[in-house]
Amino acid sequence: MNIEELKNTLFAAPKNGYTRLSAEERTEMEAHAKGYAAYIDACKTEREAVAWTVEQLEAKGFRELVPGMELKPGDKVYRNNRGKALMAAVIGTESMNEGTRICSAHIDSPRIDVKPNPLYEDAGMAYLKTHYYGGIKKYQWLATPLALHGVVCRRDGTTVTVTVGEDEYDPILMITDILPHLAADQMQKTAASLVSGEQMNVLLGSEPLEGEGSDLIKLHMMKLLNEKYGIVEADFLCAELSIVPAMKCREVGLDRSMLGAYGHDDRVCAYNQLAALLQLGTPRHTAVCLMADKEEIGSVGVSGMQSFAFETFMHDLCDATKASLYRCFEQSFCLSADVTNAYDPNFPETCDRRNNSMVNMGAAIFKYTGSKGKGGCSDASAEAMAYIRSVLDKAGVIWQVGELGKVDQGGGGTVAAYMANRNIVTVDAGVPVLSMHAPMEIITKLDCYMSMRACKAVYED
Ligand code: MN
Ligand code: MN
């Protein structure tokens, strides 16, 4: 063997995904990107993602899973966890005692939440006080178009949906920044303290109601909200209102090879899982699709991945197919799908280039995430990695190996550890993202499409 042949035999040779993409795959990739763009524009909160997904599931014959149901292979069910998280399954031909194939993603994204007592007036303007949710660089949210999304529970027991800033003719909202001319002190600060949490007040309006007295601008805002949504100030306490970027998904680059949007993390993986699930016939193993809330703040709460809601759903599935829950967990495999950082040549010092995922190299597969000495991750076994490698290769998926940033630079984790803690073999996978957690994040169409193919390969194994 000459040197070239020896290299080809012995070396791993990662290649740009476009060199291996068939014409057919390219067409499918573009269609997938279009579908995803529509989804990401319609779903800017976990509630919107759940509502949208339930509609899709129902249209494809999924029914709500109720205790006591009997299920047979090919049956399709879902459970809506309080409007904020979702679980769906297609029953396989094999008993659930032989395990399931799970894909998990989260549908919450970093954002700015409105406080329970938010509305006030100052210096001739009305504002909303906020409390950010998840890991954001606060300064990125200043002087950029924002929208208001959420729900308010009124005293009469009804709930109203609020959306401001999405319709072309809607007003947008904004958080202001100080002009450079007067930023001498601000520019001396570190990026983390450039703007404080308590300065993240959303500008709501400036016109007072006609009349005498104080707080006439605040009163004007409350009157407008009351006319449109039937709410009063005290109802803010019983509300979930979020400030999110008002931008729509756009193709990025002269070649249109990328997508810029708010909330790729992690709704791109949620969409990919769903798209894969909806293409399934009757699988061998029961396919389970999880869309969790609260990942950005630790997967806590009733709608987070640590919640017993997952056990309850799986228990009901096992019950309906006469299988044992703990046997099922032990035999199951989970692809924990969450976005990761794409290597950014503008910040090479943050990554180990030999191990970081790169754009257009396909779905990224991780042995571990975590920070420092792998803290907080599930660290998949060699056997688990061998399994996913064989599944992806068999299905012709373009994929790459990833690690989030260089050692000791920072790190991250997702729901993988919570799945693995349940005695489910779990591997991390995801779509590489540029500008993660920024108001507009970037992914490539190829990586998005291949991650959907990865979910499909797992479901079909
Ligand atoms: Mn994520
Ligand atoms: Mn995140």
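The following paragraphs describe the metal sites, salt bridges, nonpolar cores and one lysine environment in a predicted model.

Two manganese ions are present, 3.3 Å apart, and D265 coordinates both. For the manganese ion written as ligand 1, the protein donors are H106 through NE2, D265 through OD, and D338, which appears twice through OD. These donor atoms lie 2.1 to 2.4 Å from the ion. Along the chain, the donors of ligand 1 follow the spacing H-x158-D-x72-D. The site joins distant parts of the chain: H106 belongs to strand β4 (residues 100–106), while D338 sits in the loop between β14 (333–337) and β15 (340–341), 232 residues apart. H106 and D338 are both buried.

The manganese ion written as ligand 2 has as its protein donors D265 (OD), E296 (OE, listed twice) and H437 (NE2), at 2.0 to 2.6 Å. The sequence spacing of the donor residues is D-x30-E-x140-H. Here too, distant parts of the chain are linked, with E296 in the loop between β13 (286–292) and α6 (309–320) and H437 in the loop between β21 (432–433) and β22 (441–444). E296 and H437 are 141 residues apart, and both are buried.

Side chains of opposite charge can pair when their charged atoms come close. The model contains 28 salt bridges. One of them pairs K445 with E30, with the closest N and O atoms 2.9 Å apart. This bridge connects helix α10 (residues 445–460), which holds K445, to helix α2 (residues 23–42), which holds E30, across 415 residues of sequence. The two partners fall into separate accessibility classes. K445 has a relative accessibility of 2% and therefore counts as buried, whereas E30, at 32%, counts as partly exposed.

A salt bridge also forms between the side chains of K84 and E46, with an N to O distance of 2.8 Å. K84 lies in the loop between β2 (76–81) and β3 (85–90) and E46 in helix α3 (residues 46–59), so this bridge ties together parts of the chain 38 residues apart in sequence. K84 counts as buried because its relative accessibility is 9%. E46 likewise counts as buried, at 3%.

D461 and K394 form a further salt bridge, in which the closest N and O atoms are 3.6 Å apart. D461 is in the segment after α10 and K394 is in helix α8 (residues 382–394), and 67 residues separate the two in sequence. The relative accessible area of D461 is 14%, so D461 is buried. K394, by contrast, is exposed, with a relative accessible area of 66%.

Salt bridges also join into a network, whose members are E46, R47, K84, R111, D113, E240, D293 and K294. The K84 and E46 pair described above is thus part of a linked set of charged residues.

The nonpolar residues form separate cores, of which the largest has 64 residues. Y36, Y39 and L277 have the most contacts inside this core. Helix α10 gives the most to the core, with 10 residues. Beyond four places in sequence, L277 touches L57, F62, A88, V90, A287, C289 and Y459. A second, separate core comprises 32 residues, including L148, V164, V195 and I231.

The environment of K115 was examined individually. K115 is located in strand β5 (residues 111–122). Leaving aside residues up to four places away in sequence, K115 touches K129, T130, H131 and E198. With E198, the side chain of K115 makes a side-chain polar contact at 3.0 Å. K115 and E5 are 110 residues apart in sequence, and the C-alpha to C-alpha distance between K115 and E5 is 64 Å.

Technical notes. Residues are numbered from 1 along each chain as its sequence is written. Chains are lettered from A and ligands numbered from 1 in the order in which they are written. This is a predicted model: local features need pLDDT of at least 70, side-chain atom pairs count only at pLDDT 80 or more; totals for chains, interfaces and linings use all residues. Side-chain values use heavy atoms; hydrogens and water are left out. Helices (H or I, at least four residues) and strands (E, at least two) are DSSP runs, numbered from the N terminus. Contact means heavy atoms within 4.5 Å. A polar contact is a pair of N or O atoms within 3.5 Å; within protein, one must be able to donate a hydrogen and the other to accept it, and residues adjacent in sequence count only if both atoms are side-chain atoms. Donors are N, O and S atoms within 2.8 Å of the metal (3.2 Å for Na, K and Ca); water is not among the atoms, so sites may look incomplete. Buried means under 20% relative accessible area, exposed over 50%, partly exposed in between (1.4 Å probe, protein chains only). A salt bridge is a side-chain nitrogen of Lys or Arg within 4 Å of a carboxyl oxygen of Asp or Glu. A nonpolar core is a set of buried Ala, Val, Leu, Ile, Met, Phe, Trp, Tyr and Cys residues joined through side-chain atoms within 4.5 Å.
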